[in-house]
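Hi,

Here is the structure I promised to pass on. Have a look at it first, and my notes follow underneath.

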Amino acid sequence: MFATVAVVGLSGLLWFVLHDVVADELGDTTHLLLSLHGVSAYALLVAVGSLLPLHVRAGWRSGRNTITGVMATAAMAVLSVTALMLYYGGEETQAAAKWIHLAFGFALLAVFPAHAFSRMTRVIPDDEALRAKAGLVTPSAKRPLNEDKTLRDRQGDFHSTITGSNRPQ
């Protein structure tokens with residue numbers, strides 16, 4: 001994930017500098033950077049998509065890093081849409097899409113490390129129902145779920161869930 005974000009971010013930043021700031025027509029170099037940016041962006045979308053079912057859901061439930069997580073996810077969505085507008089949009093939409101894409105791209109280069117390396121947590125009130133809903137403790141005791149169950153108990157629970165009987169084979 002870190003390598004993909006770095007490649008996407010650096011290739012986009014270098015392309016912007018060479019194409020818009022330096023404004024020299026470098027031909028092959030800018031084309032190579034833009035191609036690298038596009039290909040690595042596809043890889044990043046696959047990586048982000050793989051995070052949605054587990055990482056994002058677990059983070060949302062636990063309340064950890066939700067602000068930076070929502071910001072990073074929203075930035076990725078905006079970048080995806082503006083990239084499509086840059087590639088498929090008409091000339092009237094491309095100018096606006098370019099500047100929006102650049103702004104959100106630069107923002108993501110700041111938000112992603114903040115999200116990845118932040119240890120901020122949301123304080124969950126000491127209410128057992130809320131803590132249980134977040135999966136932090138059982139409703140009846142302030143212990144992590146399944147801490148008091150042995151391996152055989154868990155196997156029995158699994159077996160009864162699959163077969164409908166209470167006796168493991």
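The lining of the second largest pocket is made up of 16 nonpolar, nine polar and two charged residues. This is a predicted model, so please read everything here with that in mind. The pocket in question has a volume of about 610 Å³. Its lining counts 27 residues, and nearest the centre you will find Leu51, His55, Val56, Gly69 and His115. Helices α1, α2, α3 and α4 each put at least two residues into that lining, with α2 giving the largest share, ten residues.

Now for the other pocket. The largest one has a volume of about 1,100 Å³. It is lined by 33 residues, and those closest to its centre are His37, Gly38, Ala83, Leu86 and His101. Two or more lining residues come from each of α1 (2-22), α2, α3 (66-88) and α4 (91-117). Here, too, α2 makes the largest contribution, with ten residues of the lining. Sorted by class, the lining of the largest pocket holds 22 nonpolar residues, ten polar ones and one charged one.

Some context on the whole chain. There are six helices and zero strands, so the order from the N terminus is simply α-α-α-α-α-α. The chain has 169 residues, and 24% of them are buried. If you take the contacts with a separation of 6 or more, 53% are between residues 24 or more positions apart.

How far does the confidence go? The mean pLDDT of the chain is 79, and 68% of the residues reach 70 or more. Among the elements, α3 has the highest mean, 94, while helix α6 (residues 151-163) has the lowest, 50.

Since α3 scores highest on mean pLDDT, I went through that helix in some detail. Why does its length look right? At 1.5 Å a residue, its 23 residues should span 33 Å, and the C-alpha atoms at its two ends are indeed 33 Å apart, so the two values agree. The buried residues in α3 are Thr68, Gly69, Ala72, Ala75, Met76, Leu79 and Thr82. An α-helix has 3.6 residues a turn, so residues three or four places apart point the same way. That is worth keeping in mind when you look down the list of buried positions in α3. The cover over these buried residues includes α2 and α4. Gly69, one of the buried residues of α3, is also among those nearest the centre of the second largest pocket.

Just before α3, have a look at Asn65. This residue sits in the loop between α2 and α3, and its phi is positive, about 50 degrees, although it is not a glycine. Is Asn65 buried or exposed? Its relative accessibility is 11%, which is why it counts as buried.

One last residue, this time in α2. Thr30 belongs to that helix, which covers residues 28-62. With a relative accessibility of 8%, Thr30 counts as buried because the cut-off is under 20%. Which residues does Thr30 touch beyond its neighbours within four places in sequence? They are Trp15 and Leu18.

Shout if you want to go over any of this together.

Cheers

Notes. Residues numbered from 1 in each chain as written. Predicted model: local features only at pLDDT ≥ 70, side-chain atom pairs only at ≥ 80, totals over all residues. Heavy atoms only, no water. Helix = DSSP H or I, 4+ residues; strand = E, 2+ residues; numbered from the N terminus. Buried < 20%, exposed > 50% of the residue type's maximum accessible area, 1.4 Å probe, protein only. Contact = heavy atoms within 4.5 Å. 1 Å grid on protein atoms, 1.4 Å probe; cavity = no way out; pocket = protein on both sides within 12 Å on 5 of 7 lines; lining within 4 Å. Points joined across faces, edges and corners; volume = space filled by probe spheres on them. Nonpolar A, V, L, I, M, F, W, Y, C, P; charged D, E, K, R; others polar. Expected span 1.5 Å × (residues − 1). pLDDT = per-residue confidence, 0-100.
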